[in-house]
Amino acid sequence: MKTHHYLTSGILEAYLLGVIAEKEKDELERELATDPDLLAQLDELEANMEDYFIRNSVTPPPSVREKIELRLSETEIEKWEDVNTTEPNPKAKKSQSTESPYVQVEIDDTHIRVHKLWRTAFIAVFILSKVFLILGLYYYFKSSSLEQEVDRLKATTQSTHSAPR
Amino acid sequence: MWALKQANKPSISQEALIFMDKIALYDRYGSIAYGIILHVIPEPELAQKVLVDLFMSPQIQACTEIPTTGEIIRLARAKALASKTVSNNSSLASTALIATNDTTDLAKLVFNLSFCQGCSTDIIAEKLNLSPTNVLKAFYTYFKYLRSS
C-alpha cells in the first residue's frame with residue numbers, strides 16, 4: 001500500500017530529479033532501505049528518466065571538449081608544480097643550495113648533446129683528412145716510381161760506360 | 001646522479017587516469033549534461049561555460065568512480081541553476097500566468113518551474129494555488145505522459 005503511494009505520488013520522480021524536500025527525502029531513503037520492490041521501481045523509473053534525458057541531449061561543440069582538456073592539463077601542471085615546491089627532495093635541496101647556474105637532471109640515455117657548429121667542423125676535418133691521405137698516397141707512389149726510373153737510368157749509364165770499346 | 005624527481009608525490013599514472021576518466025565521462029555524458037543545461041539556461045555561450053565548469057568541478061570526481069546518469073542529471077541541473085542570472089529567476093510570475101487547467105500542461109509547467117527554474121515545491125504550490133501533494137503528483141503525471149508519448 002505504501003509502495004503504491006510512493007509510485008503514484010510523484011515523490012520518486014522528485015527524488016530522482018533532486019527537487020524533493022529534505023524531510024521527504026530522508027523518509028523515502030529509509031523506506032528504500034527496507035523495501036526491495038520500491039527500490040526496483042525506483043531503478044526502473046531512473047532508467048525511463050535517463051531515456052528522456054538522452055532523447056533530449058544536445059551535442060556540444062568540439063571547442064568545449066578542447067577547453068576541458070586544456071583546463072585539465074593546466075590543473076595537472078599546477079598540481080605537479082605545487083608538489084615539487086612543497087615537498088623538495090633532500091638531494092635536490094642539497095644540489096640547489098650549492099647555487100650552481102646549472103640544473104642537475106637525471107639522464108638515462110648514452111647520447112651527448114653538442115653545439116651544432118661542431119658538425120660543420122667535423123665534416124671539414126673529415127674532408128681535409130681524405131684530401132691529405134690521397135695526396136700522400138699520390139706523392140708516395142710518384143716518388144717511388146721516380147726512384148725506380150733513376151735506378152734504371154743509373155744502371156743503363158753504368159752499362160754504357162763499362163762496355164768494351 | 002642527482003634527481004630532482006621525487007618518490008613520494010602522487011604518481012603521474014594516477015593523475016593521467018583522473019584526466020582520462022574526466023574526458024571519458026565527458027564523452028559519455030557531455031551531451032546529456034549540455035541538453036539539461038540548455039534546458040535551464042537557453043543561452044548556448046553561457047551553457048557551454050557551465051558545461052566546462054561542471055566537468056572541472058570536484059563533485060564530478062565522485063562520478064568518475066561510479067558514473068550514473070542520475071548523478072550527472074542532478075549535478076548538471078544544480079550547476080546550471082547556480083549559474084543562472086538573477087534576471088531569469090523572475091520568470092516564475094510570467095510563466096505562472098500561462099497556467100492552464102489541462103493536467104498534462106500543468107504537469108509540464110510544474111516540471112519546468114521546479115527542474116528548470118529551481119523553484120521549491122512550496123513556492124510552486126503557492127503560485128499555482130495547488131497543494132504540495134498535487135505539485136508532487138504533477139511530476140508523476142509528467143513522466144507518465146512522457147512514457148506514453
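This section describes the helices, the annotated membrane span and the charged contacts of a predicted model with chains A and B.

Chain B is built from nine helices and contains zero strands. Its order along the sequence is accordingly written as α-α-α-α-α-α-α-α-α. Of the 149 residues in chain B, 45% are buried. When contacts in this chain are restricted to residues at least 6 apart in sequence, 62% of them join residues at least 24 apart. The accessible surface of chain B amounts to about 7,700 Å², and carbon and sulfur atoms account for 56% of that area.

Two helices of chain B were examined in detail. Helix H7 of chain B comprises 14 residues, 103-116, and its first and last C-alpha atoms are separated by 19 Å, close to the 20 Å expected at 1.5 Å a residue. The buried residues of H7(B) include the aliphatic side chains of B:Leu106, B:Leu109, B:Val110 and B:Leu113. The aromatic residues B:Phe111 and B:Phe115 are buried as well, and B:Ala107, B:Ser114 and B:Cys116 complete the buried set of this helix. Just after H7(B), the backbone at B:Gly118 adopts a positive phi of about 80°.

Helix H9 of chain B, residues 132-148, has 17 residues and spans 25 Å between its end C-alpha atoms, close to the expected 24 Å. Its buried positions include the aromatic residues B:Phe139, B:Tyr140, B:Tyr142 and B:Phe143. B:Val135, B:Leu136, B:Ala138 and B:Leu146 are also buried in H9(B). The loop between helix H8 (121-127) and H9 of chain B holds B:Asn129. B:Asn129 is not a glycine, yet its phi is positive, at about 55°. This residue is exposed, with a relative accessible area of 69%.

In chain A, an unreviewed UniProt entry lists residues 121-141 under "transmembrane region". In the model, this span is 100% helix and 0% strand, and its end C-alpha atoms lie 30 Å apart. Helix H7 of chain A covers residues 117-161.

Over all chains, the count of salt bridges comes to six. One of them lies in helix H7 of chain A, where A:Arg152 pairs with A:Glu149. The closest N and O atoms of this pair are 2.6 Å apart. The two residues are three places apart in sequence, about one turn of the helix. In an α-helix there are 3.6 residues a turn, so residues three or four places apart point the same way. Both partners are partly exposed, A:Arg152 with a relative accessible area of 46% and A:Glu149 with 35%.

Helix H2 of chain B, residues 44-56, contains both B:Lys49 and B:Asp53, four residues apart and thus about one turn of the helix. Their side chains form a salt bridge in which the closest N and O atoms are 3.7 Å apart. B:Lys49 is exposed at 52% relative accessibility, whereas B:Asp53 is partly exposed at 21%.

In helix H4 of chain B, residues 69-83, B:Arg74 and B:Glu71 are three residues apart, about one turn of the helix. A salt bridge joins their side chains, with an N to O distance of 3.8 Å. Both B:Arg74, at 26% relative accessibility, and B:Glu71, at 35%, count as partly exposed.

B:Arg74 is also the nearest side chain of opposite charge to A:Glu46, at 4.8 Å. A salt bridge requires a separation within 4 Å, and therefore this pair does not qualify. A:Glu46 is found in helix H4 of chain A, residues 36-55, and is buried without a salt bridge. Leaving aside neighbours within four places in sequence, the contacts of A:Glu46 are with A:Leu16 and B:Gly70. A:Glu46 thus touches a residue of chain A and a residue of chain B.

Charged residues of the two chains also meet in a network of salt bridges, which links A:Arg65 and A:Glu69 of chain A with B:Asp27 of chain B.

Technical notes
Residues numbered from 1 in each chain as written. Chains lettered and ligands numbered in written order. Predicted model: local features only at pLDDT ≥ 70, side-chain atom pairs only at ≥ 80, totals over all residues. Heavy atoms only, no water. Expected span 1.5 Å × (residues − 1). Buried < 20%, exposed > 50% of the residue type's maximum accessible area, 1.4 Å probe, protein only. UniProt positions renumbered as here; feature names shortened; annotations may be inferred. Contact = heavy atoms within 4.5 Å. Areas by Shrake-Rupley, 256 points an atom, 1.4 Å probe, with all protein chains shown as cover. Lys, Arg positive; Asp, Glu negative; His and termini not counted.
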